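Biologist: Please give me a close look at a single part of this model, namely the second of its chains. Once that picture is in place, I would be glad of some context from its partner.

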Amino acid sequence: MHIPDGYLSPATCAALYASSAPFWYVALRRLKRLLSTKLIPLLSVFAAFSFVVMMFNLPLPGGTTGHAVGVSIASIVLGPWASILAISIALFIQAVFFGDGGITAFGANSFNMAIAGSLVAYFTYRAISGKCAIVSRRRVFAAGVAGYLSINVAALLTGIELGIQPMLFRDASGAPLYAPYPLKIAIPAMMAGHLTVAGLAELILSAGLVAWLQRTHPSLLSATAPGAAQTETEAGGFGWLAIRPLLVGLTILMLITPLGILAVGSAWGEWSPHELANQALPAGVPHGLERLSSVWTAPFPSYSPPFLRSSSFGYFLSAAFGSGLILLAALALDWVIAARRRSG
Amino acid sequence: MRPNRVVEGSIHGFLRVLEHTLESEELARRAGLLQSLDPRVKLLGFLGLIVAAAASRKLEVIGAIFALASVLAVCSRVPLRTLVVRIWAGAFAFTGLIALPALFLTPGRTVARLPLLGWAVTAQGIRGATYLISRVQTTATLSMLLVLCTPWTHVLKALRVLRVPIVLVVILGMTYRYILLMIGTAGEMFESRRSRMVGRLEAKEARRLAIRTAGVLLSKTMQLSGDVYLAMQSRGFRGEVYVLDEFAMRRRDWTWLALFCALGAAAIWMGH
């Protein structure tokens, strides 16, 4: 993801330096005010940590290995502004002293990884973790999602920056002057590796480190957890209280399911043999389809239980029944996992 | 996959960084053309040439800047092996691999067809790939020459000429120093684990090892930050940062600065 010199035009580089500058300025101002004299050692040492952690070989499921950027864990421990500066400093040292990433492309790399990555990681982590306890498993989940999303947003931005080059910069013969692939190639090429390998590496590092910090140094997680409950019970842990907003949303959705009755006709491709026969197919209804359609008869066909007269209530009952079955399955799975953990 | 890659691969990566750092410091101490110049001249001159190479729309101009960088490397006694292995081969392999499909995917005038597959190679594709590879090789050579021929502390101090805030210059200097310290610490942690290992680690256990090591490193990081702060306070640090300005421009430095400016401007004008 580190863009070297030569892949982006000077105009793109300048635009991304200009886009990054306000973030660096605000980050420096805010941190100077908050940390005062502690700023220098904290940023220096954390940037060094980010640099070293980027060199770790992480084994991933599927037999491959990957490198993480560490942007998510920096945002979770330090907050977004300090993370922006720490990761930018690590990227600068990588570019200048180790040739990893370009000097002219430093603004672009910082914008993608340090700025967008830190902000996405921080807000994702805060949104998912909410006010749950510092030691809650939800924070591990939130850190994993934050890591995965942040690295993929950074990859998407990189793909866009590379992909616009051939649209904007060509020589007289039409040859691309910089990165040669258009958006339709650059974005999938960037995302393929990051949705799988690099995203997974960031997910594992972020979630793993948060789980490790919860056991060993929970105080390091408190900076980005204002108002966090002290215990799992107080926060509701992973129990019903914690997912209360989700349950409310689910109930609302169930209540409005009768809106489906307003739709006319059948969804495309979901026809019954009877409806298909009305489509005036030249070869008629395929035999296989006709035969297999009678193998299983659903208890609530077309979300309309046969014992009910009101189709609206039938829709609602179907939604409640389906949701209840899924919740029961989830509870059963949770019980099995907890039982295995107790016995192990 | 070899499950021990987490240990072996990480140790190898750490050693490579330390090796590059030592080599750069050794080269920066040698007597040579670039080593004798003021770091600010090198920083400004090389930045100008990098921008000129990045902005050029003519392959000849990029080639001329590349040739100039190679001559400067030879005059600065940078070994050919370092240039080829550390800069050119790496940049060529990485960018070459990325640029290769452009030969077939770039629309334009067909100049050849790939035997058996019949894919059309276009003139625009060849030109686009050449632009990318030559530009990357040239800029990589210039940026690495700057670091190879200048002690890192001088490179950082020279950043002041670009109006980089002094606090950032100090942070960068400290970061560089602590990177080397932490690489040593992380390397020792992996080494100690390797010395206790019999057989291969399962992928799951290797993952846990990497996370635990990163976690310990993070804890040490926060502890180190506090220790460094206390040490700075004990020496009277009150928030003001000073950097010793030990550079002094000589006539020779001014001449080279003028030469770099002239070459950069000419390259930008001719490459437009």
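**A close look at chain B**

Modeller: Let's begin with one residue: Arg77(B) counts as partly exposed, because it has 14 C-beta neighbours inside 10 Å, and a residue needs 20 or more to be buried and 12 or fewer to be exposed. Please keep in mind throughout that this is a predicted model.

Arg77(B) sits in the loop between α3 (59-75) and α4 (80-99) of chain B. Its backbone is worth a look, since phi is positive, at about 60°, although Arg77(B) is not a glycine. Most residues other than glycine have a negative phi. A second arginine invites the same kind of look: Arg163(B), with phi near 65°, is also a residue other than glycine with a positive value. Arg163(B) belongs to the loop between α7 and α8 of chain B. With 7 other C-beta atoms within 10 Å, Arg163(B) is exposed, because 12 or fewer is the limit for that class.

For contrast, turn to Ala55(B), which is part of helix α2 of chain B. Ala55(B) has 21 C-beta neighbours inside 10 Å and therefore counts as buried. Leaving aside residues up to four places away in sequence, Ala55(B) touches Ile268(B) and Gly271(B) in its own chain and Pro10(A) in chain A. If you would like a distance to try on your screen, go from Ala55(B) to Trp152(B): the two are 97 residues apart in sequence, and their C-alpha atoms are 27 Å apart in space.

Now step back to chain B as a whole. Its secondary structure comes to 10 helices and 2 strands. Reading from the N terminus, the order is α-α-α-α-α-β-β-α-α-α-α-α, so the two strands follow five helices and are followed by five more. Chain B is more spread out than a compact globule, because its radius of gyration is 23 Å, well over the 19 Å that the globule rule gives for 272 residues. The C-alpha trace spans about 65 × 60 × 30 Å along its principal axes. As for burial, 39% of the 272 residues of chain B count as buried. Of the contacts in chain B between residues at least 6 apart in sequence, 76% join residues at least 24 apart.

Next comes the side that meets the partner. Here, 69 residues of chain B are in contact with 57 residues of chain A. The elements that give two or more residues to this side of chain B are α1 (5-29), α2 (39-55), α5 (102-105), α6 (123-148), α7 (152-158), α8 (166-195) and α9 (203-234). The most comes from α9(B), with 18 residues. By class, the side of chain B that touches chain A has 46 nonpolar, 16 polar and 7 charged residues.

That leads over to chain A, as the context you asked for. Chain A has 13 helices and 2 strands, and 45% of its 344 residues are buried. Among contacts in chain A with a separation of 6 or more, 71% are between residues 24 or more positions apart.

Two helix pairs in chain A are worth displaying. In one, α3 (residues 71-78) and α5 (residues 106-129) of chain A pack at about 60° with their axes 8 Å apart, which makes α3(A) oblique to α5(A). The crossing of α3(A) past α5(A) is right-handed. On the α3(A) side, the contact is made by Val71(A), Ser72(A), Ala74(A), Ser75(A) and Ile76(A), while α5(A) brings Met113(A), Ala114(A), Gly117(A), Ser118(A), Ala121(A), Tyr122(A) and Tyr125(A). These residues divide into 8 nonpolar, 4 polar and no charged.

In the other pair, the axes of α6 (residues 137-163) and α8 (residues 183-216) of chain A come within 7 Å and cross at roughly 155°, so α6(A) and α8(A) are roughly antiparallel to each other. Their crossing is right-handed, and their contact has 21 nonpolar, 11 polar and 2 charged residues.

Terms used: Residues are numbered from 1 along each chain as its sequence is written. Chains are lettered from A and ligands numbered from 1 in the order in which they are written. This is a predicted model: local features need pLDDT of at least 70, side-chain atom pairs count only at pLDDT 80 or more; totals for chains, interfaces and linings use all residues. Helices (H or I, at least four residues) and strands (E, at least two) are DSSP runs, numbered from the N terminus. The radius of gyration is taken over C-alpha atoms; the globule rule is 2.2 Å times the number of residues to the power 0.38. Two residues are in contact if their C-beta atoms, placed from the backbone, lie within 7 Å. Ala, Val, Leu, Ile, Met, Phe, Trp, Tyr, Cys and Pro count as nonpolar, Asp, Glu, Lys and Arg as charged, and the others, Gly among them, as polar. Axes are lines fitted to C-alpha atoms, for helices over the stretch in contact, and angles run from 0 to 180 degrees between N-to-C directions. Angles under 35 degrees count as roughly parallel, over 145 as roughly antiparallel, 65 to 115 as roughly perpendicular and the rest as oblique. A crossing is left-handed if the near helix is turned anticlockwise from the far one by less than a right angle, and right-handed if clockwise.
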